[in-house]
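Here are some comments for your reading of this entry, set out as numbered points. Please keep the sequence and the coordinates open alongside them.

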Amino acid sequence: MIDLYTSPTPNGWKVAMMLEELSLPYNVNYIDLAAKDQATPEFLTMNPNGRIPVIVDHDADDLVVFDSNAILFYLAEKTGKLLPKEGAARHDVMQWLMFQASGIGPMQGQAVTFERYFPEDVPAARKRYHNETLRLYTVLNTRLSDREWLAGEFSIADISNWSWIRSHRWARVPTEGLPNLERWMDQLRARPACERGLNIPPSSGRADMAKSLGSAMTTT
Ligand SMILES: N[C@@H](CCC(=O)N[C@@H](CS)C(=O)NCC(=O)O)C(=O)O
């Protein structure tokens with residue numbers, strides 16, 4: 001059994017979607033970010049970075065793994081699914097996974113911060129993060145022009161990137177004019193396991209999204 005410590009946020013949904021895709025049994029432990037559950041001494045022993053998501057795998061000597069992409073990688077390795085076992089295909093998935101971790105996550109997170117939460121309006125910062133996020137979307141749109149998924153078969157790279165890009169409106173970054181990206185998003189939306197993962201833990205809606213994406217200001 002796996003314990004998942006999470007909240008209704010893009011990084012949290014990644015892991016819930018993965019667990020649903022893999023049909024692995026797991027318990028959901030809701031972490032209230034507004035109440036700072038992620039800053040308690042108990043939580044910090046699991047993740048010294050004080051961020052969700054975290055898993056504890058009780059079938060692997062209570063192994064603790066934090067950071068959403070590290071968790072996706074761990075679960076893919078554990079099950080032998082959604083990541084090729086070797087060769088060029090494996091590196092292909094890993095590079096698009098890292099594209100999310102080092103590009104989409106930080107840039108889109110900052111775009112949301114400067115669009116919606118920063119105490120002052122800083123037009124240069126808003127422009128910078130908007131343009132960079134859009135540029136990254138354009139890279140994905142080109143990548144998807146001749147393939148169904150980002151890297152070979154459906155993989156952890158698709159889950160990771162989509163979990164953020166599906167919230168593009170909250171960042172006020174458009175996807176109009178990026179037809180391959182929109183087609184890919186529709187494919188992900190049509191997967192029942194991904195749909196289930198997006199409701200774990202249940203969200204009270206826009207307010208949760210606001211809190212979680214706002215908090216990305218201090219993260220990624
Ligand atoms: N690189 C980390 C980032 C995790 C992260 O930023 N989590 C946010 C929610 S999406 C969080 O826990 N924020 C709480 C806070 O800022 O205090 C990952 O991918 O897991």
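How many residues of domain 1 are in contact with domain 2, and how many of domain 2 with domain 1?

1. The model is a predicted one, and its chain is divided into domain 1, made of 2-81 together with 196-213, and domain 2, which covers 87-189. In answer to the opening query, 18 residues of domain 1 are in contact with 19 residues of domain 2, while the centres of the two domains, taken over C-alpha atoms, lie 20 Å apart.

2. Between domain 1 and domain 2 an area of about 1,600 Å² is buried, and carbon and sulfur atoms give 70% of that area. The polar side of this interface comprises seven residue pairs in polar contact, counted with both residues at pLDDT 80 or more, and one salt bridge is found across the interface. On the side of domain 1 that touches domain 2, the elements giving two or more residues are α1, α3 and α9 (206-215), with α1 supplying the largest share, seven residues.

3. An open sheet of four strands, with mixed pairing, follows the order β2-β1-β3-β4. Strands β2 (26-30) and β4 (63-66) are at the edges and have a single partner strand each, so one side of each is left without a neighbour in the sheet. From one strand to the next, the twist averages 20 degrees.

4. Strand β1 (residues 2-6) runs parallel to β2 and is joined to it by five bridges; Leu4 has Val28 in β2 as its bridge partner. Helix α1 (residues 10-22) packs on the sheet, where it touches β1, β2 and β3 (54-57), and its direction makes about 155 degrees with that of β1. Helix α3 (residues 68-79) also packs on the sheet, touching β1, β3 and β4, with its direction at about 135 degrees to that of β4.

Definitions and conventions. Residues numbered from 1 in each chain as written. Predicted model: local features only at pLDDT ≥ 70, side-chain atom pairs only at ≥ 80, totals over all residues. Heavy atoms only, no water. Pairing = 2+ DSSP bridges. Axes fitted to C-alpha atoms, helices over the stretch in contact; angles between N-to-C directions. Contact = heavy atoms within 4.5 Å. Domains from an automatic or database assignment. Buried area = accessible area lost by both parts, 1.4 Å probe. Salt bridge = Lys/Arg side-chain N within 4 Å of Asp/Glu carboxyl O. Polar contact = N/O pair within 3.5 Å; in protein donor to acceptor, adjacent residues only side chain to side chain.
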